[in-house]
Structure formats: structure tokens, C-alpha cells
Amino acid sequence: MPPPPTITKRSERGSRRELVCAICALTIASIAIQTPLSMAGGLNGHFYVAPNGNDADTGAIDQPFATINRARLAVRALIAGGHSTDVWVYLRDGIYPIEAPIAFDPEDSAPANSVIHFSAFPGERPVISGGRFITDWTDHADGTWTTTVPGVQSGEWTFRELFVNGMRRQRSRHPNTGFLTVAGPDPAVGPATRYSFSFATGDLPAGANLAGAELNMLHEWTTSRVKIAQANHTSNVLTTAEPIGATGLIESVFQTGDHPRYAVENHIALLDAPGEWHLDPATGLLTYRPMPGEFAETAEVVAPIATELLVVRGDFNLETPVRNIRFIDLSFEHCAWALPSGGYSTYQSGYYEWRDTSTPYDLPAAVKFEMAENCQLIQARVAHCGGWGVILGAMCRDCSLVGSIVTDIAGNGVLVGEDRYRRVDGDFWINTRPDQVAIGNQITSNLIQDCGVELQDCAGVWVGLTEASQIQNNLIRRMPHISLSTGGLWNDDPSPARQISIVNNRIQGAVQLLSDGAAIYSVGLQPNSVIRDNLISDIPPHPGLSRNIGIFLDEGSTGFQVLGNGLYNIASSPFKFHRAGVNKLIANTMRLSASDVQPYFYVSMDPANIIRIGNVVIDPEDPPAGCAYPVCGTASTAGLLPAYQPSIYADRDNDGIPDIDDACVNRAPGDLNGDGVVNGLDIEPMICVLSGQTNSSDAYCAADTDGDGIAALADVETLIGRLLGQ
């Protein structure tokens, strides 16, 4: 990356309410100010964008644009004028609010043998946010806050997600944690129904009929979200306004178990726990019950309005791609999604039934590449999103997601390729134009976690009908269902899916909620594909009928070499094969959770289809001598590449786990003033956080020195102990 001219970093993003702490900081340390270098916008292929810029300016370093779209148009004009080398657009520190996606088309492509870069200014953190700040709170004696949100009562805006001080907050929900279980069938209609069931006395809040609330029901490997018609506390029957489960998959509420799990959301009667909120669509009244340490005057509260943040899409009719654009070190946050008409009921991994065919609906993605070539998302942060996270989709060639964080996503985290349903000349594209397959895309060294937080049957990484895609050196963790899914047809029919490479990934905590899933899962014929040197662990017992597995080759899976993988701490079998074709298992090492666990589990197929060579099964009661725990060193290189770990900010709180609690992007725990050092200068900013004089999410995150998720007085003691070397 060519260095831009030196210029003083702008102050931390935030509102005027942070000025108190800024003044405090100025009394402690001086700021070295260097004179900005003035240059015409576009000179040497450089443009600058800043939140306090002006689109009428030149885009020079001292006259930055205000919006990324304005910079995009300036780059177009520069190239049209004959510029033929690399172009750099630098985004300065701060928040760039948008309500419609930033869109790139073929006219934005780089000239031949060059690249257009949209990059963070070195050392700064630009955030592209699809959210609106929610302000003007009233703090009530009962501990709740309220505000009336403009545009809700008129129907111009609604939202399903709310983020406070950088953290997702839960819509009003019952129960507050976990799930209830269905008591039995509705006595009036029996078990053959998708519209009603009985609940036990006391399971639901008495006196509330819950009309208009949302039912979230878990099936074996899928989920439903449908509206409730009523909860009758006389008959103890809950009735839904929309059918539960996808037609053809779920014929009865009780198809996958006598007592399926469920929760109820989005009703004022359920607003009873810290961190919960409710939005009344009739009045626009938003009610929030704050977490400890949150203050109505200073809390940074954001609700999403944009359904997409970045779209890079070529011309499908002319088959002209967008070429050679890179997005580097940018954050994409706050992306909305709406419940589909008729409710959300899936077949698997977020692909759901279209119930209202008059208004087809696709789950939106925060970042979407389609008909793109050699376009990259590098060292990005995609977080706090409804729908899906990142898609390298239809007709993408040699595109990549590298060194990035994808976290706190309602549905699928990352998708590569597409399903079969896009139509060309009236038929599925795989039948008419299989040459349009996405080819050679890469997902390399990313931290992908906490996906499926609302749509629990979704995956961390979903690889569809695609060729020569590489999923390598990622850390994928904390998924309610499948961590990494590959394939798109449920049989061994030929398709564009082939040469998939799933290598050196570290997968922790797959299938934490549903059943019949795996850390790595496949369906369909995928010749010349490989699953190699992955390290897989921490899969709990299945709550339903079907096992949860380390590596699961499901219906039609054919053409895989599965070699050199390490699997341990899996309650059930490390491997499962269901109606699979011929595949090879070579030199995998698995430590069983108990001596009586089957290492290989076969269902409805000939075990001879699975060619096993040199695999090692470790009996936990009699491990081989000299075998290092847990799997004798197998897959020891799995996980993030060292070169990208600094951009991912893994394990900043030193708890041994890189997770959402490490999301202080610019600051380690205790480094409240952001100078890179934890020392006495951080005490005064700590006081600013605890007294509510700042709404900086970075400072708030760094103030949580004891790692319990809350900035509170106890963190002062931890900070002082750290300063004293205790």
C-alpha cells in the first residue's frame, strides 16, 4: 500500500457528548500536529473521504469528499480522462451513515493491469453504517427508557434489531434464556396441524394473549418464525396466524419430536429483562430496559434501516463484470432485514419457502459481489447485520474475502456461489448456462463467528454450486447449526459444483442448538474436492433425533478426499455418511468422547463406498503412548494465518478464545484512551465511561477490564490491579 501524506489522525468518532472526555485527555497529553499536505484531488491517483468533508470539494487530502459515492464518481471521471494506473481512495476515521447500498457497476472497473482501492486511512477506522441513531430517551422510574421513533407510526420504517454501545440487544422474549417445550397437541385438532399446540400452565405470561407476537420454533435442523394469532390461557392453546414449518418438509408441529422447543418474541408483556426492547408499530414507541452501566443520556443506540451496505454487481444481460476493485480495512455494520410475507420457515441453511409468490423475497446481505472478477474484501469487519453477511455470488470469478471478521450475523455469515434457482431463459441456470458458475473464489484466514443468531438454522460458511472455491485457514466458531456447508443438490446428479477445497480451518463449537448438523457438512456430487487438515472440536450432544457430527457427508456426497483432519470433544460420532457415494478417508485422527462411541456412522448406504486408509481412532480410556493431546498433533496448522491475526484482533482479552468479547477494534481491555498502552492515563477515561460522559463504543468496550460484558465499578478494581502488576 503506498503511504498517503502524513496528517494528524482525527478524533475518535462520536457525538458532542464526548467533548468532556476530549478536554480531559487534552489536560494529560499534548497532541503533535503536523501540517497537512495540500494536493488536488486525484493527483497521483489519490482521493480522500471524511465524515466532515464536502462533496463539492476536490477530494484532496485537505478538501475531502463527504461520501464514498462521490469518490466513486471521481474515480470514474479520472479513468475516463485517461488515468491508467492504480487509484487509491482513503477513508478517514468516523462513521459514514447510509440508507441505500453503495453500488459499483462495470463502469467502476479498474483499467487493465491496475486496481482501484477503497481503503481506510492508515491507523484509522472508517465505519460504513446502515443504521440510524436513536436519541431523545426518557428515563422512567420503573427502570425503562422510552422514545418515539420517527417514521414508524407512518409505516415508513420498522426494525427487528437494536444495538446499544456496540452490542446486539434482544427483542422482548420469553423465556429470557433457552426455550420452552411444547406440552402436546391442540385437543381440538390433534397432532396433524401446523397452526396450533398446547402449552403448559405457567409457561406463558398470564393475561397476555400475545396476538401479533412472533413464534420462533426449532425443528430438527430447521427453524420457523411466524406470527401468533393468540395464546388462550383457558384452553392453554397457542394458535399461529401462519403455518409452522416449510410445506413438504414439516407436515406437523410434532413431525420431528413430541415436544419441540419454542420461544415467543416481540410483545410488550415479555419486556422483563435487562437488555430487552420493544417497538410498538402503531405508535412508534420504543421501550428499552437497559443493561447495568448504560445511561439514557449517553448510550449509543443504533437501529438498522439499510438492507444492503455494499453491492458490487456486473451487467448480467451483457455478461460484463466489475473488475479489479479492492476494499481494505473497512467496517460494515448495521444491516436490516424484514420478516418475509407469510413468515420464515426454512428447508435448510436459510433457504426458505416463498409463501407469498406475488412478492418474492430474498434475504439481504450486507456485502454482495455478483458478476465480479478479481474483487476483494480485505481486512474488513462485517458485524451487527440482519439477513446474511458477505456473498461472493453468481458469476463471481477469483474474488476473495481475506483477513476479515464476520460476526453477529442474523443468518448465514459468508456465502460462496449460489443455489440452483436463478433463471436464464426461463429455466434454472444450471440447466441452461452452467458456464455461468462462480469459479476460483477464496475465503482465507477470517474469523467467522456468532452467525445464525436470529435464523438459527443458518451456517457460518455456505458454499453452493461453485467450482474451485477455496475455504482455508479460517477460524469458525459458535454456530447454532452447521459451521461450513458445501454443495447444492440433494443427489449425485452432475452439477457445476466441483473442486472445492476446505483446508486448514479451525472449527470450534458447531451445532450448539439444533440437531442433524456438523462442523463440515456436504450434499451432492462434488468431484475432485478435498477436506484436509481441519481441526474440529466441541460439538455437544444432539437435542433431537439425529446425531451431530464432526464431518457429515450427506445425500449424494461423492468425489471427496477427506484426509489429515483432527476431531475431538465431539459427543457423538466424528464421521457420518448418509446415502453418500464413493469418497476416501485418509489419515484422519479422531479422539472419541467415550470408548463406546462409533467413529463412523452409516445410514442408508453401503459402507464400502467409504474407502478408509490409515485413519487413527483414539480410545480416550487407552490413548496411544506418546500421542500429544488431543489428536497427536494432527492438523496443527489449522486456523488463522499469522499474517492476518493483527487485523482480526484475535483474543484481545487474553481469555484464550478470540470471540465477540474481543471486539475493541482499536483498543485492548484497559486501554481506554487508545494510545496502545494500559497505564495511569486510562483512569480518567474510565471515569468518563462509568459516569456516562462518553458514548464511545471503543472506550466502553475497553472499560470492560474483567471481561464480563459490562463496564461497571468492578472494572476499576481490575484496572488498578493490572496497573499494580497484580
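What share of the contacts between residues at least 6 apart in sequence join residues at least 24 apart? In this predicted model, the share is 75%. The protein has 726 residues, and 57% of them are buried. It contains 7 helices and 59 strands. The exposed area comes to about 27,700 Å², with carbon and sulfur atoms supplying 52% of it.

Start with a pair of helices. Two packed helices are described by the angle between their axes and the distance between the axes. Helix 5 spans residues 683-690, and helix 7 spans residues 714-723. Their axes lie 11 Å apart, at an angle of about 170°. An angle over 145 degrees counts as roughly antiparallel, so helix 5 is roughly antiparallel to helix 7. Helix 5 brings Ile683, Met686 and Leu690 to the contact. Helix 7 brings Asp715, Val716, Leu719 and Leu723. By class, the contact has 6 nonpolar residues, no polar ones and 1 charged one.

Now turn to charge pairs. Side chains of opposite charge can pair when their charged atoms come close. The structure holds 30 salt bridges. One of them joins arginine 478 to aspartate 450, with the closest N and O atoms 2.6 Å apart. This pair links distant parts of the chain, its members being 28 residues apart. Arginine 478 sits in the loop between strand 44 (475-477) and strand 45 (484-486). Aspartate 450 belongs to strand 40 (residues 447-451). Are the two partners buried or exposed? Arginine 478 counts as partly exposed, at 28% relative accessibility. Aspartate 450 has 13% relative accessibility, so it counts as buried.

Other bridges join residues close in number. Arginine 433 meets aspartate 435 through their side chains, at 2.7 Å from N to O. Arginine 433 is partly exposed at 24% relative accessibility. Aspartate 435 is also partly exposed, at 43%. Arginine 532 and aspartate 533 form another salt bridge, at 3.0 Å from N to O. Arginine 532 has a relative accessibility of 31% and so counts as partly exposed.

Salt bridges also join up into a network. Its arginines are Arg160, Arg168, Arg171, Arg173 and Arg225. The acidic members are Glu161, Glu214, Glu265, Asp408 and Glu454.

Next, follow individual residues to their contacts. Alanine 372 lies in strand 29 (residues 372-373). At 0% relative accessibility, alanine 372 counts as buried. Beyond its neighbours within four places in sequence, alanine 372 contacts Val312, Pro321, Val322, Met395, Cys396, Arg397 and Cys399. Cysteine 399 is 27 residues away along the chain, yet the C-alpha atoms of alanine 372 and cysteine 399 are separated by 7.2 Å.

Aspartate 105 reaches across a wider stretch of sequence: arginine 313 is 208 residues away along the chain, with the two C-alpha atoms separated by 5.4 Å. Aspartate 105 sits in the loop between strand 4 (102-104) and strand 5 (116-120). Leaving out residues up to four places away, aspartate 105 touches Arg76, Arg313 and Val322. Val322 is also among the contacts of alanine 372. With a relative accessible area of 30%, aspartate 105 is partly exposed.

Serine 501 is in strand 46 (residues 501-503). Its relative accessible area is 14%, so serine 501 is buried. Outside its neighbours within four places in sequence, serine 501 contacts Ser469, Gln470, Ile471 and Val530.

Finally, look at the backbone. Which residues have a positive phi although they are not glycine? Asparagine 504 is one, with phi of about 60°. Asparagine 504 lies in the loop between strand 46 and strand 47 (506-508). At 10% relative accessibility, asparagine 504 counts as buried. Asparagine 569 is another, with phi of about 50°. Asparagine 569 is in strand 53 (residues 566-570), and it is partly exposed at 42% relative accessible area.

Cis peptide bonds also appear. One joins histidine 174 and proline 175, with omega about 0°. Proline 175 is in the loop between strand 12 (173-174) and strand 13 (180-181). Another runs from tyrosine 629 to proline 630, with omega near 5°. Proline 630 lies in the loop between strand 59 (616-618) and helix 4 (645-648).

How values were computed: Residues numbered from 1 in each chain as written. Predicted model: local features only at pLDDT ≥ 70, side-chain atom pairs only at ≥ 80, totals over all residues. Heavy atoms only, no water. Axes fitted to C-alpha atoms, helices over the stretch in contact; angles between N-to-C directions. Helix = DSSP H or I, 4+ residues; strand = E, 2+ residues; numbered from the N terminus. Parallel < 35°, antiparallel > 145°, perpendicular 65-115°, else oblique. Contact = heavy atoms within 4.5 Å. Nonpolar A, V, L, I, M, F, W, Y, C, P; charged D, E, K, R; others polar. Buried < 20%, exposed > 50% of the residue type's maximum accessible area, 1.4 Å probe, protein only. Areas by Shrake-Rupley, 256 points an atom, 1.4 Å probe, with all protein chains shown as cover. Salt bridge = Lys/Arg side-chain N within 4 Å of Asp/Glu carboxyl O.
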